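Open the model in your viewer and keep the selection box at hand. This tour goes stop by stop, with a selection at each.

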Number of protein chains: 2
Amino acid sequence: MAEEKREDREVKEEDDQVVNPWEVSANGGKIDYDKLIEKFGCQRLDDAIVRRVERLTNRPAHVFLRRGVFFAHRDFNDVLDAYERGEKFYLYTGRGPSSEALHLGHLVPFMFTKYLQEAFKVPLVIQLTDDEKCMWKNLSVEESRRLARENAKDIIACGFDITKTFIFSDFDYVGGDFYRNMVKIQKCVTHNKVVGIFGFTGEDHIGKISFPSIQAAPSFPSSFPHLFSGKDDLRCLIPCAIDQDPYFRMTRDVAPRIGHHKPALLESLFFPALQGETGKMSASDPNSAIYVTDSAKDIKNKINKYAFSGGQDSAEKQRLYGANLEVDIPVKYLNFFLEDDAELDHIRKAYAKGDILTGHVKKRLAEILTGLVERHRRARAAVTEEMVDAFMAVRPLPSMFD
Amino acid sequence: MAEEKREDREVKEEDDQVVNPWEVSANGGKIDYDKLIEKFGCQRLDDAIVRRVERLTNRPAHVFLRRGVFFAHRDFNDVLDAYERGEKFYLYTGRGPSSEALHLGHLVPFMFTKYLQEAFKVPLVIQLTDDEKCMWKNLSVEESRRLARENAKDIIACGFDITKTFIFSDFDYVGGDFYRNMVKIQKCVTHNKVVGIFGFTGEDHIGKISFPSIQAAPSFPSSFPHLFSGKDDLRCLIPCAIDQDPYFRMTRDVAPRIGHHKPALLESLFFPALQGETGKMSASDPNSAIYVTDSAKDIKNKINKYAFSGGQDSAEKQRLYGANLEVDIPVKYLNFFLEDDAELDHIRKAYAKGDILTGHVKKRLAEILTGLVERHRRARAAVTEEMVDAFMAVRPLPSMFD
């Protein structure tokens, strides 16, 4: 309790960076993640935990884990302690379906969650908050539901195991035990509390004010009686970008009051915009991001034209002074998506020293992203309406813990 | 729109009486209903409307209508205009299941709604707001649901036609189109608005703040696709006590913005407490009310001991000065439940003149209420769990407009 209290107080103190589910910005341009960890009151995900995950899962840690893309956590060690004792857990992640096409930043939590599902052999629930998008954006109920279904296809294309995965949209699934949990959660959260955490004003509509209970509910196994009936003690692990932390701070505060474990979190950096690391990519500026619908030519053009370079202005200067990797977007993107550690290390060193030019790095990035996007597009094209129905069917998952 | 705006402004102006869903009180003790009509902006239900109802339904108006128990309305003439053109409507009423046993005041809207259903031959939805009671009272979800089911038995015992009646509890029914309508409603209502109408504070929990959307949703036919699919134009008529008016002022403001008619209202006086007309009966004070579970002896004792009398202190004085019917609770109760107009008229006149004593009036009232309560109890005893399931089943009502 003391931990959670401290966070809320600190969230209210304004500082030079704002990170919440609707806004990510920093005065200096670059998010200070150390400061964010301190402000939110979460823990840094250190090498010891990465090694522990490798030992427990008997496989190398995901690139996103060993390269610090997922860099912070809450109670992850508790989940691993329980796992080591033979207790399973379930994964919960989600997406607000605000746009038709996903960009690379949207794929990050799903790629990582797929790894977690495979490595730990655990069930997964994926919430599509079409109600949230209908409430926050000027979208009709029907358009929000349509986007949820389109986004579900992209999510399924990431390769989730249908025998262990339940995808649901709020507009379709809210009701029954899920709704009853929403009410239990709402009873524990005052208006003052959500104003403190989320900054709502009197002009915000009443749907927004109670929405945090809807994002909280999947953190509790009793919201899914078709999956976890009689397993109220099951722990929940939530992989997400760190801007979602406010929802789950609130959820963790409520959890013991309604008889559940606090959900554990694995929290990622924001995937940077092409123009530079000033926050997360924006679906509303098509030139700030690579989309899964972009062609090879689009990708090449966007990278060449918009990707902020830490290299020097001329080939001559680059050979003399080398590149500043701290601000170089192509290198940052490679850090996410170039799986070969040796190649990445070689590029970083040679680029920093000036042995290779920006053009070389951008070319390699375009190859890698084109491959990634083309694989995704082929996978998505193979997702049928029947598969969407099957993933979204309210059903038991008989082999979810095998 | 102008009408609705005016109401909200006036509700904010504090005066000497408070009438909202959670509080009914007046400084002078007695509610000034004329003032309430003016403040809320509804219309008085006059004799012309009563006669019109009799003509359209081809039967005498219900006692509650011709004696002014239902005394105010909103847009009832519009519903009757449409009915006269051959358009049907549906009825919506409800109950917050906060106590196991209902008192006579609780029966009033149901007795009247049963009459409306029979007279107009229209379908009826009855909302049991178990979620509301769980939110406002210190009741668990499970206890609230149990009370909803117990109360459903009392409601069924009022004699509703199962082929025209759908009873639902929020904890069971919220979801699907109902939930999607909740979100549409929520999007139209700011926090400032509900603070203005209901007086919520920062210490109120977020469930309370969004609850008004849940009581609003049944006013729209699209919340019941199993009943009214493709009938989005169907009008809704809500019989209720006037303390529920704030919910439906809000609902009427929202209705045109989400493509529905404004619901019409028929609004009743409060059923007075035995101790005198200072508001509505309270389930928390067992001696303020006659319960449907009270025995003949209980009823006789409560009336003799607690029913406030407008008669004189002694038989002698009563014969000299007569009774003050304006404050006499036995006469007020007879006004609700003694159906025989001639007998009621006789009692009123004789009692006012001093020809009969308080004891006589109380004795007659005890007979009438004992009969009413015993009939109710027999009817309730005949309500099986299967009947409750049948009334609460999500199903079409094939003969609902016959």
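Buried here means under 20% relative accessible area. Keep that cut-off for the first stop, and keep in mind that this is a predicted model.

**Stop 1: Phe71 of chain A**

Select Phe71(A). Is Phe71(A) buried or exposed? Its relative accessible area is 3%, so Phe71(A) counts as buried. The residue sits in strand S4 of chain A, residues 70-74.

Now add its surroundings, skipping neighbours within four places in sequence. The contacts of Phe71(A) include Tyr33(A), Ile37(A) and Ile242(A). Gln43(A), Arg44(A) and Leu45(A) also touch Phe71(A). So do Glu267(A), Ser268(A) and Leu269(A). Pick out Leu45(A) from this set: 26 residues separate it from Phe71(A) along the chain, yet their C-alpha atoms are 5.0 Å apart.

**Stop 2: the hairpin of chain A**

Select residues 17-20 and 23-26 of chain A. These are strands S1 and S2, paired antiparallel through four bridges. Together S1(A) and S2(A) make a hairpin, with two residues between them. To see the pairing, show Asn20(A): opposite it, in S2(A), is Glu23(A).

**Stop 3: the sheet of chain B**

Move to chain B and colour by strand. What is the strand order in the open sheet? Across its seven strands it reads S3-S4-S9-S8-S5-S6-S7, with mixed pairing. Strand S3 (43-44) and strand S7 (165-169) of chain B are the edges. Each has a single partner strand, so one side of each lacks a neighbour in the sheet.

Start at the S3 end. S3(B) joins S4(B) through two bridges, in the antiparallel sense. Show Gln43(B) and you will find His73(B) of S4(B) opposite.

Next, select S4(B), residues 70-74. Five of its five residues are buried. On to S9(B), residues 264-268: it pairs with S4(B) over four bridges, again antiparallel. Arg74(B) and Leu265(B) face each other across this pair.

Then jump along the sheet to S5(B), residues 89-95, and S6(B), residues 124-128. This pair runs parallel and is joined by five bridges. One partnership to display is Gly94(B) with Gln127(B) in S6(B).

**Stop 4: where chain B meets chain A**

Show both chains and select the contact residues. How many residues does each chain bring? Chain B gives 35 residues and chain A gives 35 residues. About 2900 Å² is buried between the chains, with 63% of it from carbon and sulfur atoms. On the side of chain B, highlight Tyr179(B), Lys187(B) and Ile206(B). These three lose the most area to chain A, together 25% of what that side buries.

Now turn to the polar pairs. The interface holds 22 residue pairs in polar contact and two salt bridges. For a salt bridge to inspect, select Arg180(B) and Asp172(A): their side chains meet at 3.4 Å, N to O.

Finally, switch to cartoon and look at the helices of chain B. Helices H7, H8, H9, H10, H11, H12 and H13 each supply at least two residues to the side that touches chain A. Which helix gives the largest share? Helix H10(B) does, with seven residues; to select it, take residues 176-187 of chain B. Colour the whole side by residue class to finish. The split is 13 nonpolar, 12 polar and 10 charged.

Definitions and conventions:
Residues numbered from 1 in each chain as written. Chains lettered and ligands numbered in written order. Predicted model: local features only at pLDDT ≥ 70, side-chain atom pairs only at ≥ 80, totals over all residues. Heavy atoms only, no water. Pairing = 2+ DSSP bridges. Buried < 20%, exposed > 50% of the residue type's maximum accessible area, 1.4 Å probe, protein only. Contact = heavy atoms within 4.5 Å. Buried area = accessible area lost by both parts, 1.4 Å probe. Salt bridge = Lys/Arg side-chain N within 4 Å of Asp/Glu carboxyl O. Polar contact = N/O pair within 3.5 Å; in protein donor to acceptor, adjacent residues only side chain to side chain. Nonpolar A, V, L, I, M, F, W, Y, C, P; charged D, E, K, R; others polar.
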